[in-house]
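Morning, everyone. I have one structure to walk you through today. Have a look, and then I'll start with a single residue.

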Amino acid sequence: MHPVLKMVIQRLALGLLLLWAASVLIFLGTEILPGDVAAAILGQGATEQALANMRAELGLDRPAVTRYLEWLGNALHGDLGVALSNGRDIAEAIGGRMSNTLFLASVAAAISVPLSIFLGLLAVRFRNRWPDKLISAVTLTSISLPEFLLGYVIMYFFSVQWGLFPSVSNINGSMSLGEKLNAVALPAMVLTLVVLAHMMRMTRAAILNVMQSAYIETAELKGLRRFTIIARHAMPNAIAPIVNVVMLNLAYLVVGVVVIEVVFVYPGMGQYLVDHVAKRDVPVVQACGLIFAAVYIGLNLLADIISILSNPRLRHPK
């Protein structure tokens, strides 16, 4: 078997194992939560008989292992259950919410990924000079601030003071693309500032590491322009660590938007999860946790595979 194919199969198997372990932790985490789901649904005035009937209806009187296997089997078939708070199908409710979250993450990624790579190249080009120091200072400052604080500061200036964008990022299917982009401008700006520093610093470090190679010195001796050397010779050989950090931050954009969605009241997966955590809606919490885990593990798995395929020593072992 070819070494590349063997490593890809190993990564896929490891990803499935991690996803199974995540499902176990999610189920156990919701099981050990304090309180009683039946009491939360019926209220404090419910009788013991009513509570017992509700637990039987929800299947809480069965062993945890049986309920876990049933839940996992249904999830594998696309059945995420029904929300306890409103009786709606969870998969149907998550569909619209997930598309909103992916839209917000896509807008932030479309801005942050090319911008971070460009700033990384610019920082290498002017290493230890004022552009490099300014870029590093601004990006590190943005990442050092808590997300909610950064969100409220940006909301205060861009919405309250200047009135450029709405403070509440509400979108729906009847809005045009321009209206949606205007609505998500502020949360996308916050997400861009949060992930920009990670990707820019990794791009800078990866290219500087390649710049120590002998073939870079040869290119310099040939009289090539420094930016040409960085873009055409150093960048392609530094792509593996850059892809890794980009994928990690893309996973964060999808999974880590909970705080941002709550701050801007954005109708995405994060807001949906927080709303149902407050209602102690266990099936919704389990479904959201499983989807977040699958997205995060899937993107990290994709980063590993791209890194393997971008390594010429693995593609051509001889």
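Start at Val-265. Is it buried or exposed, or something in between? Val-265 counts as partly exposed, because its relative accessibility is 45% and that class runs between 20% and 50%. Keep in mind that this is a predicted model.

Where does Val-265 sit? Find the loop between helix 13, residues 258-263, and helix 14, residues 269-278. Val-265 is in that loop. Now check its backbone. Phi is positive there, about 50°, although Val-265 is not a glycine.

One of the residues in contact with Val-265 is Gln-271. Gln-271 belongs to helix 14. Its relative accessible area is 12%, so Gln-271 is buried. Set aside the neighbours within four places in sequence. Then Gln-271 is in contact with Arg-97, Glu-261, Val-262, Val-265 and Tyr-266.

Stay with helix 14. Which of its residues are buried? They are Met-269, Gly-270, Gln-271, Tyr-272, Leu-273 and His-276. And what covers them? The cover includes helix 5, helix 13 and helix 15, the last of these being residues 282-309. Just past the end of helix 14 comes Arg-280. Arg-280 takes a positive phi too, of about 55°.

Here is another positive phi. Go to Asn-128, in the loop between helix 5, residues 90-125, and helix 6, residues 130-144. Asn-128 is not a glycine either, and its phi is near 65°. How open is this position? Asn-128 has a relative accessible area of 53%, so it counts as exposed; the cut-off is over 50%.

Next, the inside. Take Ala-251, in helix 12, residues 239-255. Its relative accessible area is 0%, so Ala-251 is buried. What does Ala-251 touch, beyond its neighbours within four places in sequence? The list is Gly-256, Tyr-296, Leu-299 and Asn-300. Here is a distance to try on screen. Ala-251 and Thr-139 are 112 residues apart in sequence. In space, C-alpha to C-alpha, they are 19 Å apart.

Now the surface. There is a nonpolar patch of about 1000 Å². Its members include Leu-145, Phe-148, Trp-162, Leu-164 and Val-259. Which helix gives the largest share? That is helix 7, residues 147-161, with seven residues of the patch. Tyr-156 is one of the patch residues, and it lies in helix 7. With a relative accessible area of 41%, Tyr-156 is partly exposed.

Last, step back to the whole chain. It has 16 helices and zero strands. The C-alpha trace spans about 85 × 60 × 35 Å along its principal axes. There are 318 residues, and 40% of them are buried. The accessible surface comes to about 16900 Å². Carbon and sulfur atoms hold 65% of that surface.

What about contacts along the sequence? Take the contacts with a separation of 6 or more. Of these, 74% join residues 24 or more positions apart.

And the charges? The chain has 23 positive and 18 negative ones. The mean positions of the two sets are 20 Å apart.

To wrap up, go back to three residues on your screen. Asn-128 is exposed. Val-265 is partly exposed. Ala-251 is buried. Find each one, and look at what lies around it.

Notes. Residues are numbered from 1 along each chain as its sequence is written. This is a predicted model: local features need pLDDT of at least 70, side-chain atom pairs count only at pLDDT 80 or more; totals for chains, interfaces and linings use all residues. Side-chain values use heavy atoms; hydrogens and water are left out. Helices (H or I, at least four residues) and strands (E, at least two) are DSSP runs, numbered from the N terminus. Buried means under 20% relative accessible area, exposed over 50%, partly exposed in between (1.4 Å probe, protein chains only). Contact means heavy atoms within 4.5 Å. Patches are made of residues with over 30% relative accessible area and no salt bridge: like charges are joined within 9 Å, nonpolar side chains (Val, Leu, Ile, Met, Phe, Trp, Tyr) within 5 Å. Accessible areas come from the Shrake-Rupley method with a 1.4 Å probe; for residues, only the protein chains shown count as cover. A salt bridge is a side-chain nitrogen of Lys or Arg within 4 Å of a carboxyl oxygen of Asp or Glu. Lys and Arg count as positive and Asp and Glu as negative; His and the chain ends are not counted. The place of a charge is taken as NZ of Lys, CZ of Arg, CG of Asp or CD of Glu.
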